Amino acid sequence: MSMDHGSRRTFLKLTGATAATALVAGCSDNGNGNGNGNGDDGADGIALDPGTDIRFDAQTAGWEGLEPSEIESEQNPTIVLEEGGEYTIGWTEGDGAFHNIEIRDDGGDVVDDLQTDETDDDEPDDQILEFEASSEMVQYVCEPHETTMVGDIQVE
């Protein structure tokens, strides 16, 4: 079957547009398959050893990693924890808006009362949770900003 020049040009334009759309869509995916900004480390997550102190800067736009160095400057990083391992997680700097931190299960419920009270302190001293990692833990969340301040937890 032969194509005239007009049909060939149309075919090439459509093919190019499809490829460009696929490229842009691929660039917007952050590696966790949902493209929502969670776990933007671009991988399966950042593995953290038991005993790690996990600290964030609470910004309404998202949790910004402070410590350990593996999550520094990452927004809403996916953290990979060891089942049964002891960890601390919380925020020590903020933007002055009301924030808290909660650990939730896949149904959106708080796990084992692991939540802090909301505060608007810029440098709070009571926003730290100590816990033992369990498979029911899937997210760390700021309740007032649960659409932007949410990161994934994987327990292995």
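Is Tyr 140 buried or exposed? Tyr 140 is buried, because its relative accessibility is 0%; buried here means under 20% relative accessible area, exposed over 50% and partly exposed in between, with a 1.4 Å probe and protein chains only. Here are my notes, with that residue as a thread.

1. **What we are looking at.** This is a predicted model, in which local features need pLDDT of at least 70, side-chain atom pairs count only at pLDDT 80 or more, and totals for chains, interfaces and linings use all residues. Residues are numbered from 1 along each chain as its sequence is written, and side-chain values use heavy atoms, with hydrogens and water left out.

2. **Overall make-up.** The protein has one helix and 10 strands, in the sequence pattern α-β-β-β-β-β-β-β-β-β-β. Helices (H or I, at least four residues) and strands (E, at least two) are DSSP runs, numbered from the N terminus. Of the 156 residues, 37% are buried. The protein exposes about 8,700 Å², with 45% of that supplied by carbon and sulfur atoms; the areas come from the Shrake-Rupley method with a 1.4 Å probe, and for residues only the protein chains shown count as cover. Among contacts (heavy atoms within 4.5 Å) with a separation of 6 or more, 64% involve residues 24 or more positions apart.

3. **The open sheet.** Six strands make an open sheet of mixed pairing, in the order 1-4-10-9-6-7; two strands pair if DSSP finds at least two bridges between them. Strand 1 (46-47) and strand 7 are at the edges with a single partner strand each, so one side of each has no neighbour in the sheet. Strand 4 and strand 10 run parallel and share three bridges, and Val 80 faces Gln 154 of strand 10.

4. **A hairpin.** Strand 2 and strand 3 form a hairpin, with two residues between them. The two strands run antiparallel and are joined by five bridges. Phe 56 has Gly 65 in strand 3 as its bridge partner.

5. **The aromatic cluster.** Back to Tyr 140: the whole structure contains four aromatic pairs. Rings of Phe, Tyr and Trp (its six-membered ring) pair if their centres lie within 6.5 Å; planes under 30 degrees apart count as stacked, over 60 as edge-to-face and the rest as tilted. Phe 56 and Tyr 140 are stacked, because their ring centres are 4.9 Å apart and their planes meet at 20°. This pair links distant parts of the chain, with Phe 56 in strand 2 and Tyr 140 in strand 9, 84 residues apart. Phe 56 is itself buried, at 0% relative accessible area. Trp 63 and Tyr 140 form a tilted pair, 6.4 Å between centres and 50° between planes. Trp 63 lies in strand 3, 77 residues from Tyr 140. Ring pairs thus join Phe 56, Trp 63 and Tyr 140 in a cluster.

6. **The nonpolar core.** What is the size of the largest nonpolar core? It has 25 residues, and those with the most contacts inside it are Ile 54, Trp 63, Ile 79, Leu 81, Ile 89 and Phe 131. Such a core is a set of buried Ala, Val, Leu, Ile, Met, Phe, Trp, Tyr and Cys residues joined through side-chain atoms within 4.5 Å. Strands that each supply at least two residues of this core include strand 2 (53-59), strand 5 (86-94) and strand 8 (128-132). Leaving aside residues up to four places away in sequence, Ile 79 touches several residues, including Ile 46, Ile 54, Ile 89, Tyr 140 and Ile 153.

7. **A neighbour of Tyr 140.** Val 150 belongs to strand 10 and is buried, with a relative accessible area of 6%. Val 150 and Tyr 140 are 10 residues apart in sequence, and their C-alpha atoms are 5.7 Å apart.

8. **The salt bridges.** There are two salt bridges, each defined as a side-chain nitrogen of Lys or Arg within 4 Å of a carboxyl oxygen of Asp or Glu. Arg 104 pairs with Glu 102, the closest N and O atoms lying 2.9 Å apart. Arg 104 also meets Glu 146, at 3.0 Å from N to O. The latter pair links distant parts of the chain: Arg 104 is in strand 6, and Glu 146 is in the loop between strand 9 and strand 10, 42 residues apart. Arg 104 is buried at 10% relative accessible area, whereas Glu 146 is partly exposed at 40%. Glu 102, Arg 104 and Glu 146 are linked in a network.
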